[in-house]
Amino acid sequence: MNIIVCIKQVPASTEIKIDPETGTLMREGTLSTVNPFDRYAIEEALRLKETYGGKVTVLSMGPPQAEYALKFAISMGCEHAVLLSDKTFAGADTLATSFTLACGIRKIGSFDIIICGV
């Protein structure tokens, strides 16, 4: 079974700042972590892999610092990690993010299930 899990790196604090000019999150100097709901999605994917075999690929869209989230997923037991990162993605809304993730999933190719957090 080939499983894809979409994950997101989020600020580890509730005290975040928004750039007043661009309306985007200011990530500099802010600790980040994997979205807790996405951690549950990773755990479920690993349970499925344990039961049915296969591999787990994690996919994330974000800045280069989101590599941390992918490394975390690999440390949990995922086999592959893909980061979609480009400056043009900054400030993307849910439609643009969904489209970009869908393109990434198509590029990865064969999969049996896609799991996402909240």
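## Exercises on a predicted model: core, sheet and helices

The largest nonpolar core of this predicted model has 16 residues, and V5, I7, I42 and V58 make the most contacts inside it.

**Exercise 1. Find which elements supply at least two residues each to this core, and which gives the most.**

Step 1. Four elements each supply at least two residues: β1 (2-6), α1 (36-52), β6 (55-61) and α2 (67-76).
Step 2. Among the contributors, α1 gives the most, with five residues.
Step 3. Now look for another core. One of seven residues lies apart from the largest; C6, M61, L84 and I105 are among its members.

**Exercise 2. List what V5 touches, leaving out residues up to four places away in sequence.**

Step 1. Start with A41, I42 and A45.
Step 2. Add the run V56, T57, V58 and L59.
Step 3. Finish with I115.
Step 4. Set this against the whole protein chain. Of the contacts between residues at least 6 apart in sequence, 65% join residues at least 24 apart.

**Exercise 3. Work out the strand order of the open four-stranded sheet, and say which strands stand at its edges.**

Step 1. The order is β7-β6-β1-β8, and the pairing is parallel.
Step 2. β7 (80-84) and β8 (113-116) are the edge strands. Each has a single partner strand, so one side of each lacks a neighbour in the sheet.
Step 3. From one strand to the next, the twist averages 20°.
Step 4. Take one pair. β6 and β7 run parallel and are joined by five bridges. V58 has A81 in β7 as its bridge partner.

**Exercise 4. Decide how the buried residues of α2 are placed around its axis.**

Step 1. The buried residues in α2 are A69, L70 and A73.
Step 2. They span an arc of only 100° around the axis, which means they sit on the same side of α2.
Step 3. Check the face turned away from that buried side. It carries K71 and S75, which are exposed.
Step 4. Move past the helix end. G77 follows α2 and has a positive phi, near 130°.

**Exercise 5. State which strands α2 and α3 lie across, and at what angles they run.**

Step 1. α2 lies across β6 and β7, and runs at about 165° to β7.
Step 2. Helix α3 (residues 94-108) lies across β1, β6, β7 and β8. The angle of α3 to β6 is about 145°.
Step 3. Place both in the full count. The protein chain has three helices and eight strands. From the N terminus, they run β-β-β-β-β-α-β-α-β-α-β.

Terms used:
Residues numbered from 1 in each chain as written. Predicted model: local features only at pLDDT ≥ 70, side-chain atom pairs only at ≥ 80, totals over all residues. Heavy atoms only, no water. Contact = heavy atoms within 4.5 Å. Core = buried A, V, L, I, M, F, W, Y, C linked by side-chain atoms within 4.5 Å. Buried < 20%, exposed > 50% of the residue type's maximum accessible area, 1.4 Å probe, protein only. Arc of directions from axis to C-beta. Pairing = 2+ DSSP bridges. Axes fitted to C-alpha atoms, helices over the stretch in contact; angles between N-to-C directions.
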